[in-house]
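Let's take a walk through a protein together. Have a look at the model below, turn it around a little, and then read on.

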Amino acid sequence: MSENPRPADLPRQPQKSQQPPGESTDRGGDRSPAAGRTAAARALLEDDARVAAARHLQPAPRLAGTSSTTGGEQALDPDAEQEAGTASELGRSALDQAGLNRLAALTARLLGAPAAQLSLFDDVRTVPATAGLPPEAGEGTSAPAGSLCALTAASGEPLLVSDAAADERVSNLPPVLSGAVGAYLGVPLRGRDGHVVGALCVFGPDPRSWSSTDVTLLADLAAAAASELELSALSVDYEAARLRWQLSITAAGIGSFDWDLVTGELIWDERLIELFGYTTDGTDGTDGTDGTDGTDGVVGFDRSIEAFNARLHPEDLPRVSQALAECIARCGDFEAEYRIVRPDGSTRWVKARGKALAGQDGSAVRLLGAAYDTTVEREGDVRIARVLENMSTAFFSVDTSWRFSYVNTEAERVLGRAREELLGGNVWELFPDAVGAAFDTEYRRAVETGQTVTFEAYYPAPLDAWFEVRAWPSPDGLSVSFLDISARKQDQQAAEQARRAAEEASTRLALLAATSRQLAETLDAETAVARLVELVVPILGDWCVITLVEDDAPTSTSASARTIARADARARAVDPAAAGRPSQLRRGLRDAGAWHREETLRPLVQDYAEHRLGELTDEAYLWRALRQNRPMVIPDATRAITTVLKPDGKVRGILAELAPSSAAILPLRGRGRTVGLMTLFTGPDRAPLTGQELAIAAEVADRAGLALDSARLYRQQRDLAAALQRSLLSEPPEPDHGQIVVRYTPAAEAAQVGGDWYDAFMQPGGATVLVIGDVIGHDIQAAAAMSQVRTIVRSMGALGDESPARILTNTDRAMANLQVDTTATAIAARLEQTLDERRRGVTRLRWSNAGHPPAMVVNPDASVLPLLTLHSDLLLGVLPETPRKDSEVVLDRGATVVLYTDGLVERRDQPLAEGLEKLQAVLEELAARGGDLDSLVDDLLARMLPAQPEDDVAVVAVRLHRQDLPRPAEAGPQRVPPHVPEEPRLPPSNG
């Protein structure tokens, strides 16, 4: 950036008659962002305890007549006399400014932000520390209102602004409007008493996102800053005493020295003499020049190198002496920073620079130079080190040779090594697994580009941990902060595993649901097989072949173990050698469907399925699975299946080209029969089916077997004679004000009549009962079974006043007692009416559904309501004791109820769901046109059925005419059993 960013909340001059965009000036109930900021500022000012706590931590303002000295020390006008409290505050301000500015700079570096700022709030806002800002940014005070830091302090919580221009909380603030602040992160600064005294923030002109790690790191730094301010405030008395002594030395702050190497005389100016704790008059110091009481051993400076050495810290003396000797020997420059121990025992840091001057012979004869006190800078560095040591984030730095130059306590813990072992060591040698890993590439990228890098990486044992790392270059090398995020990674991995498990479970459930739904929508075996292979591929395998057991196979058509055993027994009686031969089973099988996940390989799979059965030997796995009626897994499928194929056939070559790695054969069983086999194959790039996948495949096979067995029953029983069926259908009654119309339409093929029937009768109590039903199958047996079931239903309903559910329950039991071995769908519906309902002109329809397509109600307003229930009851003839439920709906007079069999809505080219939608739409259209009931039913059949119906269809419809008017002529004469009581009469309607 060519310019330093402006501070996040520098004071700005107000502009007259201007108002930031989007801010309201409504004085009544103002809820605008500007009002919120004003309220926040007011809250800060009105908290007296908070203001006092903040004022306690404020650095003292620089007084007129003072000037800033090197190292941040203050020098007063020689004529100005200040009391000790003022002096201590001045010293405290200098220490705060130096250390806090370093802390602000560290904050900006650690957070990777262009600028950082520390603000304190009492009755005004003070900015005691900044980084990355112009010098004037830290000067002066301002009102808290309109400040992002004030919002942070007022909320008492971190304030995260990723895109300031788009954030309505701050978008109208001047720093945001000027473009100086595009992203902001601030945390409150709390004193030791818990009061919010200010805020520490980082910001920059460009939008950016802030992570939880950034918030934690900034909070740590804010806590450290608050601690340092508290420590500074507590040390006022000590600072006052020290500054009283410092005020006695010269204002320049830099002393000079001149060492005559020939005579040995060392000349210091007054500043250095005082800095090193000597007197200038050669006395023993009893005058207390340095502020002592004369008992501290202060002596006069005797102008010798020994006097210098006497003040040097013992640990620094050898190093400094060697540097002086090298400078003199090469007649070069001298530079050293060292500690001195003053007579009062205090330690100061001094930085000295000098140059040796050569005589005529080229040897050094004099050493000239200057020195100054760097204690304040060193204390600032110590404070930064203290901050780093107290951070919960691990931190280390390496020099330009990749050697550790600093390691904080947390880094020692995370890296598992002591500081003494790390410092000076090469990072690549101490951590060899980092070489070539993300640590290597990212660290070097940061150094090469000069940019901060952030990344996540794993380091193997002994650390065995994931780290979130931020690294930024500096002139001295590279600084790195990092967090152990292994727990977070484990949580993420656990969440990912849970997500995958949930997805797999969802996929399995979806597969099972799709299998049930799609196979239940058809009773055609070819359609069911075509849907099944596309359902299981590619979820369970790469390709699949479905084998069906033909209905008319001479042996093993049921493919059940008992049937095969009986077939074997019969074969053994005729020819003992023929028992159990696959040839006895082969005649009843055909490969009916095949599918591959890759479109280009589907013709190959179709070719394989077309020729496979004819080329299987007697040892084929297919025959074993058929006889044993259990799943069979075939590992190394290409080799294993090749061995049971005829060597001279074409299937071997096809199999080699398909190259399955494994296979599984699963029986398709329904109602105790094996109706087919499903063979799943996995390709060379896919693992064999797991135990869980096999279990899912087995459940799919069971559902498919049930569906295919239903299709088998449908095929076997569709030859019921139409004449028998028609002979069993009777004329309906015609109750008072109720018109009943019945229709029966046979299938186009005369032989394809079946078990469809309708019925309508009245119960002894006068209720009208409607029944529609369909015995599974379309053959003579189905027609005969239909006659039995219809008779049972009619008898159970006509003997008493039982509810529809009770009628079907009694029918189920009677069928079991009479051993009527069939299943049927049915709806029994009863029209009921209390005297109150008769007065209100409504009728209640109560019905029970045994697996039948839903009845339709055509309301007087031409709307159509399917009579759906949450769960349909089981078909008749499945479980005699199954509980059945009644449902009911209240109908207005003029409504029409239509009951029908599945031939009206389902056929090969039209699934059941689609047919139901079409039926509802046609009924709505016909009802809107009006007309009598006979026309409605005839038009419905004409619209719904094709020219050549595939299935027979039965329909029974009832229209409820108004009871306060005479029975309409179109309904025909009333016809009811003589013993049925007459319906109560209502007064004639005036309408």
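Which residue in E15 is the bridge partner of Phe396? The partner is Val407. Keep in mind as you explore that this is a predicted model.

**One sheet, strand by strand**

That pair of residues belongs to an open sheet of 5 strands, arranged in the order E15-E14-E18-E17-E16 with antiparallel pairing. Strand E15 (404-407) and strand E16 (453-459) sit at the edges with a single partner strand each, so one side of each has no neighbour in the sheet. From one strand to the next, the twist averages 25°. A helix also packs on this sheet: helix H16 (residues 486-520) touches E16, strand E17 (465-474) and strand E18 (477-484), and its direction makes about 130° with that of E17.

What holds strands side by side in general? Strands of a sheet pair through backbone hydrogen bonds, either parallel or antiparallel. The table collects pairings from the two sheets in this report.

| Strand pair | Sense | Bridges |
|---|---|---|
| E14 and E15 | antiparallel | 3 bridges |
| E14 and E18 | antiparallel | 6 bridges |
| E17 and E18 | antiparallel | 8 bridges |
| E22 and E23 | antiparallel | 9 bridges |

Strand E18 deserves a second look. Its partner E17 leads into it through a hairpin of 2 residues, and Ala471 stands opposite Val480 in E18. Where E18 pairs with E14, the bridge partner of Asp399 is Gly477. Is E18 enclosed or open to its surroundings? Of its 8 residues, 6 are buried, so E18 is largely enclosed by the rest of the structure.

**Another sheet of five**

Further along the chain there is an open sheet of 5 strands in the order E20-E19-E23-E22-E21, with antiparallel pairing. Its edge strands are strand E20 (589-596) and strand E21 (632-635), each pairing on one side only. Neighbouring strands here are turned by 15° against each other on average, direction ignored. Strand E22 (residues 662-670) and strand E23 (residues 673-682) form one of its pairs, in which Leu666 stands opposite Met678 of E23. Helix H20 (residues 602-615) lies across strand E19 (543-549), E20 and E23, and runs at about 165° to E20.

**The nonpolar cores**

Now for the inside. In soluble globular proteins, nonpolar side chains tend to be buried together. In this model, the largest nonpolar core has 36 residues, and those with the most contacts inside it are Leu110, Leu118, Leu189, Val202, Leu221 and Met391. Several elements each supply at least two residues of this core, among them helix H3 (84-111), strand E3 (115-121) and helix H11 (375-390). Which element gives the largest share? Helix H6 does, with 9 residues.

To picture one member of this core, find Leu118. Apart from its neighbours within four places in sequence, Leu118 is in contact with residues including Leu100, Val127, Leu189, Leu200 and Ala225. A second, separate core has 32 residues, including Leu604, Ala609, Leu622 and Leu645.

**Two buried polar residues to find**

Where does Asn849 lie? It is in strand E28 (residues 842-850). With a relative accessibility of 6%, Asn849 counts as buried, because the limit for that label is under 20%. Its side chain reaches the backbone nitrogen of His852 at 2.6 Å. Not counting residues up to four places away in sequence, Asn849 touches Ala826, Ile827, Pro854, Ser872 and Asp873.

His313 is in a loop, between helix H9 (305-311) and helix H10 (317-330). Is His313 buried or exposed? At 16% relative accessibility, His313 counts as buried. Beyond its neighbours within four places in sequence, His313 is in contact with Arg339, Ile340 and Val341. His313 and Arg342 are 29 residues apart in sequence, yet their C-alpha atoms are 9.4 Å apart in space.

**Stepping back**

The whole protein has 30 helices and 33 strands. Of its 991 residues, 51% count as buried. Among contacts between residues at least 6 apart in sequence, 65% join residues at least 24 apart. Finally, the accessible surface comes to about 44,800 Å², and 51% of that surface belongs to carbon and sulfur atoms.

Methods
Residues numbered from 1 in each chain as written. Predicted model: local features only at pLDDT ≥ 70, side-chain atom pairs only at ≥ 80, totals over all residues. Heavy atoms only, no water. Pairing = 2+ DSSP bridges. Helix = DSSP H or I, 4+ residues; strand = E, 2+ residues; numbered from the N terminus. Axes fitted to C-alpha atoms, helices over the stretch in contact; angles between N-to-C directions. Contact = heavy atoms within 4.5 Å. Buried < 20%, exposed > 50% of the residue type's maximum accessible area, 1.4 Å probe, protein only. Areas by Shrake-Rupley, 256 points an atom, 1.4 Å probe, with all protein chains shown as cover. Core = buried A, V, L, I, M, F, W, Y, C linked by side-chain atoms within 4.5 Å. Polar contact = N/O pair within 3.5 Å; in protein donor to acceptor, adjacent residues only side chain to side chain.
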